[in-house]
Amino acid sequence: MEEGVTGKTPDAADAGEDAGQVSEAAAELAAQRLERERIAKRKAEKAPIAAGTKLSGPAADLLAAVRAVESGEKPVVTAAAVVEEPVPRGYVPGPKPQVRVEAAVPAADVVEAVRGVLVQGGAPDGLAAQVAAVLGEGAGERLRADPWQLLRVGGVRPEQADGFARALLGAECGPDDERRGRAVTVWLLEQAALAGHTVLEMPALVAALSQRGVPDPDAAIQETLAEGDALAFQDALEEPGASVRGDNEENEEDEEEERPVRVLVGLERYALAEESLADGLARLINSVPKKDGSDGEWEDEEWERIAESVGGSAGELIRAVAGHGLVLHTGGEASLAEPAALLRAAGELGLRAWAAAHGPLGRDRFASLSGGVAGREESSGVVTVAGLLSGAEGPGRDAEGAFDLDLLVVLDAPQLDVETAALLSESLADGARLVLAGDPAVLWSVGPGRVFADLLAARVCPQVASRRPDPGPLGELVSGIGIGELNQVEAPGKEVVIVPARDAGEAVHRTVQLVADSVPRAIGVPAEDTQVITPGHGGAAGTRALNVVLKERLNPGPGRFGGFDPGDRIAYSPTPGRTVPGHVVKADADGLHLSCAGETVVVPKERVEQDLRHGWALTAHQAVGGRWPAVVVVLPGDAAQALSRPWVYTAFGRAERHLSVVHGAEQALPRAVAEVLAKPRTTRLPVLLAPQVPVAG
């Protein structure tokens, strides 16, 4: 077994869950356990396919379509194409790949049995509890029978699982083992999900399996589908240059028969989430009566009066929401004034209107802008998305399980992954209004999917683009980056400062100097209100290295409690993909006491290493959704590969008053802004929506 199998991903602290009390994620799952049982029942009713047998029917058709594509032939959609079952309302996701899930603690004898198998195979026995939790009862026997099940533990790679399997199986172990093919297929789909894909195109999956030494990728995919570890789909595509469909019924049928397809494979949890999301959004869109129908309070002439009095794109937003179940709103920081105006208008008319932000920083900022109250209030307010879903914040749910509200405005919409978006859409009652608002130029969600971008491209609902530009030199700089231009801007108030750095060591030195001395003295922003942002956690100028030196300068101490001291700035990750900045208050027998956006959080001692990082320096993904009076962006020379237009736009856009750029990336920065766009993600949302919702005019 190769060294380095620890069971933790490098960003394990970013994917933690609160274990000291019932976490938001746990509360969310508990509140919707009945819906999970419905999904499990639906899955159990599917006719099983014996492992090792050849596929027939739709799954076989899909693989035949792949082979046709690879041979240059044109596959077609026939009447026997895959018929996908509808997803029940109230979709509840399963455990995320490579993410710790707070489940029941496995029995000691199960853990010990697993430990014995791990030791025999040369794997770290510290993985025992994780393996037991993932594989469940009889985990030791299951692991011995199929050593590649070790790949289901986060952080384990195929070559490490191969070494473990060789130690256990000896001469029986080979690259053509069906068990290996299935495990590597699922692992590749999990890696794709971590990169943002909800599915992979079949040719890409076949190629990846070949690169991983699977001799017969088609057979491995067949086995994976037969075992129910993944699902396959074929989505019709429009042929380039295809003629417009005529009125002749026979021509329509012929065209339907011969449309080309793309064949996709994905993990069931994301397939269910994306289908559930499409169904939920279509239901919201179609549940609003046409103009000649009655829609109660939404038909009130007061809406038009308010829209006229507000004017501009804010008025357009108010009109759109009055007549449509789903509306998209785009714009930068200044554009938040428009959903704030919508929220106030709805409140004036007696509607139950709520806004939900990605994190507490965005929640509190929007609450001050809209005049709403952060947290729980009788009929309106501003909450976090996680708090709304768990019931810790917001209006709660009605007797049918839907949110007890009339209007929901979701801010930071690009941060919605398919699972979170599915839970939101399925939690809204028929006739409720959903507004997804955000800046499409920022980094996409940490989780799989590109919900906001897919909806903008699908054009299934009204889209209101704000005409409010972000003000000042910072607004001018960030707006230029959004269209691929890195412009020099006039900054008479030192709003933007470039600090050259020859190497990573100098970049770290300059960063500490800026945070501790230059920015407080020249700009008047204290160190506690200055946020450092850097491309990654590792490296000589990553978050780990920067946080070490920033702690030494700003809050030196022995780090008695897991490396932390009272007064330390921290980045707390209560749920996957969500980072909450805060600081340490104290430590006692209960754990580490934090203050995060005015809320008290207690992290048990055993969770500190997994759930906390120091927070003087963050990555751009951790910082998204927040803004600080001053920001120092660190761009060392070795960061060139990590830079892209969305990354630079997001990092620079976190500054309210002042931005310092510690610049050692030379021409990599303007090149990234001009040429490096967001990495594409393979998703199905637009295809799933198309047959359910007409294209908006």
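**View 1. The second largest cavity of this predicted model holds about 40 Å³ of space.** Welcome to the first stop on this tour. The residues around this cavity are Leu189, Ala192, Ala193, His197, Thr198, Val199, Leu200, Val265, Gly266, Leu267 and Tyr270. Two elements, helix 8 (178-194) and strand 3 (261-266), each give two or more residues to this lining. Helix 8 gives the most, with three residues. Sorted by class, the lining of the second largest cavity has eight nonpolar residues, three polar ones and no charged ones.

**View 2. Strand 3, which helps to line the second largest cavity, is mostly covered.** Six of the six residues of strand 3 are buried. In a regular strand, side chains alternate between the two faces of the sheet. Here, Val261, Val263 and Val265 point one way from strand 3, while Arg262, Leu264 and Gly266 point the other way. Residues on both of these sides are buried.

**View 3. Strand 3 has antiparallel pairings with strand 1 and strand 2.** Strand 1 (residues 200-201) is joined to strand 3 by two bridges. In this pairing, Leu200 has Val265 as its bridge partner in strand 3. Both Leu200 and Val265 also appear in the lining of the second largest cavity, so you can look back at View 1 to find them again. Strand 2 (residues 231-236) pairs with strand 3 over six bridges. Within strand 3, Val263 is the residue that stands opposite Gln234.

**View 4. The largest cavity has a volume of about 40 Å³.** The structure holds two cavities of 30 Å³ or more. Lining the largest cavity are Leu277, Leu281, Leu416, Ala421, Leu424, Ser425, Leu434, Leu436 and Val451. Helix 12 (268-286), helix 18 (418-426) and strand 8 (433-438) are the elements that give two or more residues to this lining. By class, the lining of the largest cavity divides into eight nonpolar residues, one polar residue and no charged residues.

**View 5. Helix 18 gives the most to the lining of the largest cavity, with three residues.** Helix 18 is mostly covered, and eight of its nine residues are buried. The buried residues are Val418, Glu419, Ala421, Ala422, Leu423, Leu424, Ser425 and Glu426. Three names from this list, Ala421, Leu424 and Ser425, may be familiar from the lining of the largest cavity. At the N-terminal end of helix 18, Asp417 acts as a cap. A side-chain oxygen of Asp417 lies 3.1 Å from the backbone nitrogen of Glu419.

**View 6. Glu274 is found in helix 12.** Glu274 has a relative accessible area of 2%, which means that this residue counts as buried. Now look for Thr683, a residue 409 positions away from Glu274 in sequence. In space, the C-alpha atoms of Glu274 and Thr683 are 8.3 Å apart. Helix 12 is also one of the elements giving two or more residues to the lining of the largest cavity.

**View 7. Helix 10 (residues 217-226) is largely enclosed by the rest of the structure, because nine of its ten residues are buried.** Those buried residues are Pro217, Asp218, Ala220, Ile221, Gln222, Glu223, Thr224, Leu225 and Ala226. Gly228 follows helix 10 and has a positive phi, near 80°.

**View 8. Five strands form an open sheet with parallel pairing.** The order of the strands is 10-19-18-11-17. Strand 10 (496-500) and strand 17 (617-618) stand at the edges, each with a single partner strand, so one side of each is left without a neighbour in the sheet. Strand 18 (residues 628-635) and strand 19 (residues 655-663) pair over seven bridges. Between these two strands, Val633 stands opposite Val661 in strand 19.

**View 9. Two cysteines, Cys461 and Cys596, are shown in a structure with zero disulfides.** A disulfide is a covalent bond between the sulfur atoms of two cysteines. A search of the whole structure finds zero of them. Cys461 has a relative accessible area of 5%, so this cysteine is buried. Cys596 has a relative accessible area of 2%, so this cysteine is buried too.

Technical notes: Residues are numbered from 1 along each chain as its sequence is written. This is a predicted model: local features need pLDDT of at least 70, side-chain atom pairs count only at pLDDT 80 or more; totals for chains, interfaces and linings use all residues. Side-chain values use heavy atoms; hydrogens and water are left out. On a 1 Å grid over the protein atoms alone, a cavity is a set of points where a 1.4 Å probe fits but cannot get out, and a pocket is an open set with protein on both sides within 12 Å along at least five of seven lines; lining residues have an atom within 4 Å of a point. Grid points are joined across faces, edges and corners, and a volume is the space filled by probe spheres set on the points. Helices (H or I, at least four residues) and strands (E, at least two) are DSSP runs, numbered from the N terminus. Ala, Val, Leu, Ile, Met, Phe, Trp, Tyr, Cys and Pro count as nonpolar, Asp, Glu, Lys and Arg as charged, and the others, Gly among them, as polar. Buried means under 20% relative accessible area, exposed over 50%, partly exposed in between (1.4 Å probe, protein chains only). A polar contact is a pair of N or O atoms within 3.5 Å; within protein, one must be able to donate a hydrogen and the other to accept it, and residues adjacent in sequence count only if both atoms are side-chain atoms. Two strands pair if DSSP finds at least two bridges between them. A disulfide is a pair of cysteine sulfur atoms within 2.5 Å.
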